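Reader: I should like to work through a protein structure step by step. Could we proceed by question and answer?

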Amino acid sequence: MVAWFEKIKEIILSHKNEKDEAMMNLIEDFFDVLMTVHDINNEGKMEVLEDFILRICALVVDMRIHICIRQEAIKKLNALLDNISRDARKIISKPEMLSLMIDMGKRILDAGDYDFQVGITEALCRMTSEKQRRELACQWFSMEFVANAFKGIKDSDFETDCRKFLNHVNGMLGDKRLVFTFPCLSVFLDKCEIPSDEKLDEFWIDFNLGSQSISFYIAGDDDDHQWETVSIPNDEVEAFSVEVKDAKKLLTLILKNTMNVGNKVGGQLLLYFDPSLEIIDVTKNIYGANKHRMIMPVKRKMSEATMVIPGTDKLTVKTLITNTSTPRIGRVKPPLKMVNSAEPPSVYKVKERGAKNAVSLPGSVEGRNPHSYQSDFPKSQITVSKVSEAIENDVNRNVLVKQNTNGDVDIIPDSQPVGKRDKPL
């Protein structure tokens, strides 16, 4: 198995720092077999630890390897270190291991992924006691205040103390940081709200530049209430938008496939933040500016006016196209499709609403997600009774519906006499 591992590492390094599904399957298959041997008996545990602890740590700190593979390695390392025996701790005390611990401490600063940072911090805590950490922290971290923050992590409150430590570390890096963490007001998967973990004072959302993903933690449904990581990588996002809605900043992620969070399933993730937080630039850096969708104003040179005229036994719809000197501006495209101002002008059709006996301008579209669609058309309606009254008052005139530049709808007289029409109105 040692020869197998070394061959796998050689293949991975030949692919350079690339994300490759075949490479991920290869390393996962190896770790599955390794954990099977580890779990057979105590002899298996000792042999696996003796032969692979140093090798896996070296894999974790190797910057030539893609972060996804190193993330998988740190997960298996912590699984191997879980409930480690006193005899096995002798392996960790080797000089080579102490050197690797220093490299792991450095990787916390430039990991570029919060979950990866947590995994490294957890491994360092599992390999040492709290007393040893106070002695070794200064070797692991060159900056004194980072070392002091690490010393504050207690095994009994690892989750909350680790969050404080990493928020402090990432925050002090300033513009050089690769993990941006923001407190979130609420998170929804489609229309279902995702609850935050009660142990934390805030619902933290991590924007990870290194792994090109956004992630957060939720409480698990198992009896141990273990945390679950929800990660949305770049290759799973079709598009995203950022808008201010109801005095909150809303980040909407349109997913390529539906995702499961706990017992909830959905294809759209909505994250609400305080409006003062600047999240758009870091989101573009993660998912790419080409996936950013905004509801843009569109200039129109043609407008369409439609009037419903009551007949004896049915409603007759007559549509007239008129040129307007002032272009109409309306946000009419959903967020998944960018609006090109160079496209030819389109015609807005006013739908017949027989149930209400009225003409409704397209100010709303039924079935459309309220977060992804908004129209600037006026909400006023022209009822059939008003049209009938106008016709009765002046039977020798026809009428047109014209939209003013201020968005109101007026009924204006037609300049053509009735006699020149093919049909009476």
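The questions below concern the sheet, the cysteines, one asparagine and the salt bridges of this predicted model.

Reader: What is the order of the strands in the open sheet of four strands?

Author: The pairing in this open sheet is antiparallel. Its edge strands, each of which pairs on one side only, are β1 (179-184) and β6 (227-233). On average, neighbouring strands are turned by 25° against each other, direction ignored. The order of the four strands is β1-β4-β5-β6.

Reader: Which residue in β5 is the bridge partner of asparagine 208?

Author: Strand β4 covers residues 203-208 and strand β5 covers residues 213-219. These two strands pair in the antiparallel sense over three bridges. The partner of asparagine 208 in β5 is serine 213.

Reader: How many disulfides does a search of the whole structure find?

Author: A disulfide requires two cysteine sulfur atoms within 2.5 Å. For cysteine 162, the nearest cysteine sulfur is that of cysteine 125, 7.3 Å away, and cysteine 162 is in no disulfide. Over the whole structure, the number of disulfides found is zero.

Reader: Is cysteine 184 buried or exposed?

Author: A residue counts as buried when its relative accessible area is under 20%. Cysteine 162, at 2% relative accessibility, satisfies this condition. The relative accessible area of cysteine 184 is 6%, so this residue is also classed as buried.

Reader: With which side chain does the side chain of asparagine 170 make a polar contact?

Author: Asparagine 170 is placed in helix α10 (residues 158-172), and with a relative accessible area of 3% it is buried. Leaving aside neighbours within four places in sequence, asparagine 170 is in contact with Tyr114, Gln117, Arg177 and Val179. The polar contact, at 2.9 Å, is with the side chain of glutamine 117.

Reader: Why are glutamate 72 and lysine 76 separated by about one helical turn?

Author: Side chains of opposite charge can pair when their charged atoms come close. The side chains of glutamate 72 and lysine 76 meet in a salt bridge, with 2.9 Å from N to O, and both residues are buried. They are separated by about one helical turn because, within helix α4 (residues 67-81), they are four residues apart.

Reader: How many residues apart are arginine 126 and aspartate 82?

Author: Arginine 126 and aspartate 82 form a salt bridge in which the closest N and O atoms are 3.2 Å apart. The pair links distant parts of the chain, for arginine 126 belongs to helix α7 (residues 114-126), whereas aspartate 82 lies in the loop between α4 and α5 (89-92). Both are partly exposed, with relative accessible areas of 26% for arginine 126 and 39% for aspartate 82. Along the chain, they are 44 residues apart.

Reader: Is arginine 107 buried or exposed?

Author: Arginine 107 forms a salt bridge with aspartate 110, the closest N and O atoms being 3.0 Å apart. Both residues lie in helix α6 (residues 95-110), three residues apart, which is about one turn of the helix. Aspartate 110 is partly exposed, with a relative accessible area of 27%. Arginine 107, at 13% relative accessibility, falls under the 20% limit and is therefore classed as buried.

Reader: Which residues do salt bridges that share partners join into one network?

Author: The count of salt bridges comes to nine. Among them is the one between arginine 126 and aspartate 82. Salt bridges that share partners form one network, whose members are Asp82, Glu122 and Arg126.

Notes:
Residues are numbered from 1 along each chain as its sequence is written. This is a predicted model: local features need pLDDT of at least 70, side-chain atom pairs count only at pLDDT 80 or more; totals for chains, interfaces and linings use all residues. Side-chain values use heavy atoms; hydrogens and water are left out. Two strands pair if DSSP finds at least two bridges between them. Axes are lines fitted to C-alpha atoms, for helices over the stretch in contact, and angles run from 0 to 180 degrees between N-to-C directions. Buried means under 20% relative accessible area, exposed over 50%, partly exposed in between (1.4 Å probe, protein chains only). A polar contact is a pair of N or O atoms within 3.5 Å; within protein, one must be able to donate a hydrogen and the other to accept it, and residues adjacent in sequence count only if both atoms are side-chain atoms. Contact means heavy atoms within 4.5 Å. A salt bridge is a side-chain nitrogen of Lys or Arg within 4 Å of a carboxyl oxygen of Asp or Glu.
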